[in-house]
Amino acid sequence: MTSGRPRIGLSHIWNMCIGLFGVQIVWGLQNVDTSRIFQTLGAEIAQLPILWIAAPITGLLIQPLIGYWSDRTWGPLGRRRPFVLGGALLTALAMVVMPNVTSLFAASVALWLLTASVNIAAEPFRALVADNLPEEQRTEGYAVQVFFIGAGAVFSSALPWILSHWFGVIGVAPPGQLPPSVRLTFEIGAAGLVATVLWTVVTTRERPPESLVADAIARTPRGPLSATGEATLTRSGLAWTAVGLAIGGIAWARGLEHEIYVLAAIAVTFGFAQFVVIAMRRRGHTSLGLFEIVEDILHMPGVMRRLAVVQFLTWFGLFCFWIYAIPAVSAHHYGASDTTSAAYNEAADWVGILFAGYNAVAALGAFLLPPIAQRIGRPATHAICLVLGAAGLFGFVMIDDPMLLWVPVIGIGCAWAAILALPYAMIASAVPPDKMGVYMGIHNTFLVLPQLFAATVLGAIVNHLFGAQAILALGLAAMALLAAALAALTIKETQPL
C-alpha cells in the first residue's frame, strides 16, 4: 500500500535521524562500561545481571507510556520532539553523574536515572520516521537510523581506548576507582548527545495529527465489550495472574533469587490491568486513558505477535553478550579477573574496540538491507542476518586468540544492522498511523522483557550451570539468535489494520 505521502529527500532523512548518533553514544557507553563500573566498585560476576535490571524495567515501563503520550501530544515542537529533547537533557545529567559515583549502590541508582532518561529520548525516534516517511521509504529511513546508531556506537565504544592510547589519558586507577579515561568518555558522550539531538529538533518538522489521520484507513472504534470479548479478556487476565502467582510461589518455595519476583509481579500486574479494562468498559467508558495500552497489546497485528517471539529470543541473546563480553574476554582470552590489573583493563578496552567493530559493520551494512529486503523480503533478510550473528557469537567461544575476534564481529555486525532496522519497518507497515507511537513503545517492551528475564536467571545459570565461566554465556547467546532466525521465517508481512 502507498500512503500518498510525498517522498522526502535524503538530507531531510539524515537530519531526522542524526540525533540517534548521540543517543547511541549513551547506549554504547552503557553497554561496554556498565559491567566495568560495577566490577570496579566491588560487584561479583553473579551480581551483574540483577544490577543491570534497571535497563529492562525502565524500558518496559517508560517506552509504551512515551509512545502513548506522544501520540496525543501536539505543540510548537510537534508530538515526538518534546520527548526527544527533554529525555536528552536528563540523560546528559545522568551521564555526568554515573562515572563519578563511589559506591555500588550509587552506581545502581545512576543507572536507573540514565536508562529511564535515554528511553524517553530514544523511543520517539522510531515513530518519527514512521510518521514522516511514505511506506516505500521506511526501510531506507530505518537504514539511515542504523547508520547513525552504528556510527555513534563506534565512537563511544572506541573512545576509552582512543583517549588512553592516542591522547595519553590514564586508563587505569586504584581499587574502587574508575580510570580518568572512562570518566572523560561519559562527559564527552553527554555533550555529543545534546548537540546531535538539538540538530534533529531544530532541523526536523513533523506532520500535524490531521495529516496522519487522513492517511489512516477506516477502523471501527472499540466500543463496549461483547460477551465473547469479555470472556476472552477474563480468561487472559486469569491466566496472567495465575502464571505470576505460580512463578512467585515456586521462587518462594525453592528459595530462588529475589529478582524472580519481578517477573511474577509483572505478570500479576498485567492480569489485574485486564480486569480493570473489563470494569471500565462495563461502566460505558469510551476512553480508557493509559489502560488503553492493555487493549492495544491484546489487539496487536499478527506481524507484531510473531515479531514478539523473534525479539524475545534476539534480545535475550544480546543481553547475554553485553553483560558478559568483558568478563568473558578478560578471563577466557587474557586470563585476568582482577579489575585493577593491566590485563583486565587491556581486555576491557579491546572489547570496546570489538563493540566499535560490530557497530561499524552495522552502520555500513545497513545500506545493503533495503535492496536485499526488496528482493527476498524483510523476514528472510532478517533471518539470514540473525544466523550470521549466531555464528559470530559462537566464534567468541571457539577462537582463543583475542586479536582474531574481529572475524566473528563481522557476523554480529550484520545481525545488529537487521535488528535495528527491519522489525521497525515491518511494524510501521502493519499498525494504524494514529497508534504508531504506542505500538512502537509496545514493540520495544518485547526488547526489554527478555532482558528482564535474562537479568533474573543469568546469574544462576552462569554461576551454577556454567561454573562461573562467562564465556559459556556467549554460547547461550548464539543459540538464542539461531532460534530467533527460525522464528523470523514464520513472519508474513501485512498491511496496516
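Cys-17 counts as buried, because its relative accessibility is 0% and the cut-off for that class is under 20%. The model in which this residue sits is a predicted one. Cys-320 is likewise buried, with a relative accessible area of 0%. The structure holds zero disulfides, so neither of these cysteines takes part in a pair of sulfur atoms within 2.5 Å.

From the cysteines we turn to the nonpolar interior. The largest nonpolar core has 141 residues, and the members that touch the most others are Tyr-142, Phe-321, Trp-322, Phe-396, Trp-416 and Met-440. Helix H13, which spans residues 302-333, supplies the largest share of this core, 18 residues. Another core lies apart from it and consists of six residues, including Leu-233, Phe-270, Val-277 and Ile-278.

Tyr-142 shows what one of these well-connected members has around it. Leaving out residues up to four places away in sequence, Tyr-142 touches Arg-126, Val-129 and Ala-130, and also Ala-421, Tyr-424, Ala-425, Ala-428 and Met-440. Met-440 is thus a contact of Tyr-142, and Met-440 is also listed with Tyr-142 among the core residues that touch the most other members.

The charged side chains come next. There are four salt bridges in the structure. In one of them, the side chains of Asp-71 and Arg-80 meet with an N to O distance of 3.0 Å. Asp-71 and Arg-80 are both buried.

A second pair is Asp-131 and Arg-79, whose closest N and O atoms are 3.9 Å apart. Asp-131 belongs to helix H6 (residues 104-132), while Arg-79 is in the loop between helix H4 (54-71) and helix H5 (81-97), so this salt bridge ties together parts that are 52 residues apart in sequence. Both Asp-131 and Arg-79 are buried. Salt bridges link Asp-71, Arg-79, Arg-80 and Asp-131 in a network.

Glu-206 forms a salt bridge with Arg-81, with 3.2 Å between the closest N and O atoms. Here Glu-206 is in the loop between helix H8 (180-203) and helix H9 (209-215), and Arg-81 is in helix H5, so the pair joins parts that are 125 residues apart in sequence. Again both partners, Glu-206 and Arg-81, are buried.

The last stop is the stretch that follows helix H13. Thr-339 is placed in the loop between H13 and H14. With a relative accessibility of 19%, Thr-339 counts as buried, because the class covers values under 20%. In sequence, Thr-339 and Gln-39 are 300 residues apart, but their C-alpha atoms are 6.9 Å apart in space. Setting aside neighbours within four places in sequence, Thr-339 is in contact with Gln-39, Thr-40, Tyr-344 and Asn-345.

Asn-345, one of those contacts, is located in helix H14, residues 342-365. Asn-345 is buried too, having a relative accessible area of 6%. The side chain of Asn-345 reaches the backbone oxygen of Ser-341 at 3.0 Å, a distance that falls within the 3.5 Å used for a polar contact.

Notes:
Residues numbered from 1 in each chain as written. Predicted model: local features only at pLDDT ≥ 70, side-chain atom pairs only at ≥ 80, totals over all residues. Heavy atoms only, no water. Buried < 20%, exposed > 50% of the residue type's maximum accessible area, 1.4 Å probe, protein only. Helix = DSSP H or I, 4+ residues; strand = E, 2+ residues; numbered from the N terminus. Polar contact = N/O pair within 3.5 Å; in protein donor to acceptor, adjacent residues only side chain to side chain. Core = buried A, V, L, I, M, F, W, Y, C linked by side-chain atoms within 4.5 Å. Contact = heavy atoms within 4.5 Å.
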